[in-house]
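Subject: Structure with bound ligand, for your review

Dear colleague,

Please find the structure below, followed by the findings on its ligand site and its backbone.

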Amino acid sequence: MNIVRTVVRGCGGYLPERVLTNDDLAKVVDTSDRWITERTGIKERRIAAEGELTSAMGANAARAALDDAGLAPEDIDLIILATSTPDQTFPASAVTIQAELGITHGAAFDVQAVCSGFVFALATADNYLKSGQFKRALVIGSEVFSRILDWQDRSTCVLFGDGAGAVVVEAQKLNGALTDRGILAVSLRSDGRYRDKLYVDGGPSSTGTVGYVRMDGPEVFRHAVTKISEVIGATLTQSGYNASDIDWFVPHQANKRILDGAAKKLGLDPERIIITVDKHANTSAASIPLALAQGRADGRIKTGDLVLLEAMGGGFTWGAVLLRW
Ligand code: UT7
């Protein structure tokens with residue numbers, strides 16, 4: 001009992017009801033189910049209902065995670081929401097979720113690292129919990145990218161979807177063994193030289209508008225596999241584990257070709273990758289907790305499994321977390 005580890009107690013997801021298929025999109029822009037499937041692995045995505053907010057979706061995912069953990073809202077003293085699509089420029093949508101859950105103690109704030117947001121938020125919670133400043137955190141990813149897409153731009157509008165996912169993490173005193181549960185290793189990276197490769201062309205201090213997603217897809221793709229592989233390698237080295245030890249690889253879900261490429265480069269078993277991109281498309285910061293919720297719900301991820309999370313997104317930002325569930 002000599003080390004504090006950040007242990008996952010539960011997770012949950014929320015998806016809006018409306019399904020938008022590739023065939024539906026082909027009626028709006030010059031694209032096809034075949035192109036989208038071959039280039040990305042995406043078949044369909046969910047779209048938030050009119051008036052359905054990031055905070056409301058995040059609160060739904062948070063409730064599901066609390067249920068899974070067998071905990072009540074008052075057991076939580078930290079909420080970190082990863083999002084690039086907040087309800088408003090300020091306040092942070094995390095405080096709206098806090099209020100919706102009826103929590104009046106502790107702290108709540110947003111983290112903005114686009115598609116890497118959940119990994120950055122989980123790493124942030126890990127540090128707060130390990131330092132003893134907070135005891136139990138809700139780490140949430142919630143996004144309504146459908147509201148920042150240019151629906152005339154076929155190179156971006158087919159790639160994204162809406163949704164939310166959440167985990168409850170708790171500080172636990174453990175032995176410090178490699179076989180302990182909890183977060184074992186974290187690596188975060190950013191390189192702002194690439195900030196114009198994937199961005200939104202608006203903002204409070206520039207245009208005064210919200211803006212739309214713009215992406216140099218092939219350039220992002222070119223960097224993705226190398227950057228992801230490097231950060232995973234560094235995380236494994238830090239932990240003392242090898243790629244062959246991993247039970248479940250739960251990557252950010254941007255493009256199946258990127259996931260397959262990274263898995264191949266690292267020698268990860270393709271059967272051990274949790275893939276939701278076919279059903280959810282790219283839900284940015286929500287994609288990893290949604291995939292975790294899927295893997296838990298269908299019985300794949302079990303207590304004690306070694307789970308590797310990884311993401312890369314606008315900034316560029318990228319990172320990985322290795323944890324024992
Ligand atoms: O989560 C954040 C991280 N984001 C990513 O990881 C995204 C990374 N990038 C990608 O996933 C891929 O680059 C895309 C899926 C975005 C694009 O795939 P690609 O194989 O790199 O295609 P491309 O952009 O080079 O486009 C190939 C062709 C072009 O036509 P020409 O110039 O060859 O005639 C495009 O105009 O495909 C065309 N195209 C489309 N065709 C049908 C682009 N978008 C579409 C579309 N439907 N939706």
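Four helices each supply at least two residues of the shell around the ligand: H2 (33-40), H6 (154-157), H7 (217-239) and H8 (256-266). Helices (H or I, at least four residues) and strands (E, at least two) are DSSP runs, numbered from the N terminus. The largest share of the shell, 4 residues, comes from H7. At least three shell residues are drawn from each of domain 1 (3-174) and domain 2 (182-324), with bounds from an automatic or database domain assignment.

This is a predicted model, in which local features need pLDDT of at least 70 and side-chain atom pairs count only at pLDDT 80 or more, while totals for chains, interfaces and linings use all residues. Residues are numbered from 1 along each chain as its sequence is written, and side-chain values use heavy atoms, with hydrogens and water left out.

In total, 23 residues surround the ligand (a heavy atom within 4 Å of it). The closest are Thr31, Arg39, His252, Asn255 and Asn282. By type, the shell divides into 12 nonpolar, 7 polar and 4 charged residues; Ala, Val, Leu, Ile, Met, Phe, Trp, Tyr, Cys and Pro count as nonpolar, Asp, Glu, Lys and Arg as charged, and the others, Gly among them, as polar.

The following polar contacts (pairs of N or O atoms within 3.5 Å) may be of use to you:

- A side-chain N or O atom of Thr31 lies 2.6 Å from a nitrogen atom of the ligand.
- A polar backbone atom of Gly217 lies 3.1 Å from a nitrogen atom of the ligand.
- A side-chain N or O atom of Asn255 lies 2.7 Å from an oxygen atom of the ligand.

Taken alone, the ligand exposes 960 Å², of which the protein buries 72% (Shrake-Rupley method, 1.4 Å probe).

Turning to the backbone, most residues other than glycine have a negative phi, and most peptide bonds are trans. The peptide bond from Phe90 to Pro91 is cis, with omega near 5°, and Pro91 is found in the loop between strand E4 (78-82) and helix H4 (93-101). The bond from Gly315 to Phe316 is also cis, with omega near -15°; Phe316 lies in the loop between strands E12 (306-313) and E13 (317-324). Ala281 has a positive phi, near 60°, and belongs to the loop between helix H9 (277-280) and helix H10 (287-297).

Yours sincerely

Conventions. A polar contact is a pair of N or O atoms within 3.5 Å; within protein, one must be able to donate a hydrogen and the other to accept it, and residues adjacent in sequence count only if both atoms are side-chain atoms.
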